[in-house]
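The following questions and answers examine one protein structure. Please consult the sequence and the coordinates alongside the text.

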Amino acid sequence: MLTAAVTAALLSGCTPAGPTRSGSGESAPLRGFGVAVDAAIAGRVPLVHLRVCGAWGCHEQDVTLAPSGTMSAMPCPPTGDPGAACGAVQIPGPGPGYGYAPVPGLTMDPVTVTVTTPPGAPLAVDASAPVRPRPVCPGPGSACADPTPQAEVRIAADGSLSQSR
């Protein structure tokens, strides 16, 4: 659950250390792709090569996929209430995998995304899908004059690729 919340925060630009839109004080969303992999194969797909091609050209990069696991409460410092939790930590486990790939040239125009695993990977993936990025603005429910293109692709348990968001 926290992985999804952290991922959503990263994609929506809610991270405090992120770049800001001039004059707004809000973090700008990241231009690029989220890459999700089904839990059934997440442990066998730790890295993929992402190729995104559109009218603007192509962009390629390796994307590390981290499998998510369960959440656990972190105890408070000794000066606090001994029964209170002061944070949460994610324990790596058998959940779905997720990574993010910035794509600087990405526009709102349709693109073709190809995902492959490196030679010798525990599971071979070589799949492509058409994707249409969607506009994202800083802050939930906000509208902006210059939205950032983003999309998310999902690698299914059978190795196929589809747009998930």
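Q: Which strand order does the open sheet of four strands have?
A: This is a predicted model, in which local features need pLDDT of at least 70, side-chain atom pairs count only at pLDDT 80 or more, and totals for chains, interfaces and linings use all residues. Residues are numbered from 1 along each chain as its sequence is written, and side-chain values use heavy atoms, with hydrogens and water left out. Strands are DSSP runs of E with at least two residues, helices are runs of H or I with at least four, both numbered from the N terminus, and two strands pair if DSSP finds at least two bridges between them. With antiparallel pairing, the order of the open sheet is 3-2-8-9.

Q: Which strands are the edge strands of this sheet?
A: An edge strand pairs on one side only. Neighbouring strands of the sheet are turned by 20° against each other on average, direction ignored (axes are lines fitted to C-alpha atoms, and angles run from 0 to 180 degrees between N-to-C directions). The edges are strand 3 (57-64) and strand 9 (126-131).

Q: In strand 9, which residue is the bridge partner of threonine 112?
A: Strand 8 (residues 111-116) pairs with strand 9 in the antiparallel sense, over six bridges. Within strand 9, the partner of threonine 112 is proline 130.

Q: Why is strand 11 described as largely enclosed by the rest of the structure?
A: A residue is buried under 20% relative accessible area, exposed over 50% and partly exposed in between (1.4 Å probe, protein chains only). Strand 11 covers residues 148-155, and it is largely enclosed because the number of buried residues among its eight is seven.

Q: How many bridges join strand 1 to strand 11?
A: Strand 11 has several pairing partners to consider. Strand 10 (residues 134-136) joins it in the antiparallel sense through three bridges, and strand 12 (residues 161-163) does likewise through three bridges. Strand 1 (residues 32-37) runs parallel to strand 11, with valine 35 opposite valine 153. The number of bridges between strand 1 and strand 11 is six.

Q: Which residue in the turn of the hairpin between strand 11 and strand 12 has a positive phi?
A: The hairpin has five residues between its two strands. Arginine 154 stands opposite serine 162 in strand 12. In the turn, the residue with a positive phi, about 90°, is glycine 159.

Q: Which residues have the most contacts inside the largest nonpolar core?
A: A nonpolar core is a set of buried Ala, Val, Leu, Ile, Met, Phe, Trp, Tyr and Cys residues joined through side-chain atoms within 4.5 Å. The largest one has 26 residues, and strand 1, helix 2 (39-42), strand 2 (47-54), strand 8, strand 9 and strand 11 each supply at least two of them. The residues with the most contacts inside this core are Phe33, Leu50, Val113 and Ile155.

Q: With which residue does arginine 154 form a salt bridge?
A: A salt bridge is a side-chain nitrogen of Lys or Arg within 4 Å of a carboxyl oxygen of Asp or Glu. Arginine 154 is partly exposed at 30% relative accessible area, whereas its partner counts as buried at 18%. The pair links parts of the chain 116 residues apart. With the closest N and O atoms 2.9 Å apart, the partner is aspartate 38.

Q: What is the N to O distance in the salt bridge of arginine 51 and glutamate 60?
A: Arginine 51 is partly exposed at 32% relative accessibility, and glutamate 60 is partly exposed at 42%. Their side chains meet at an N to O distance of 2.4 Å.
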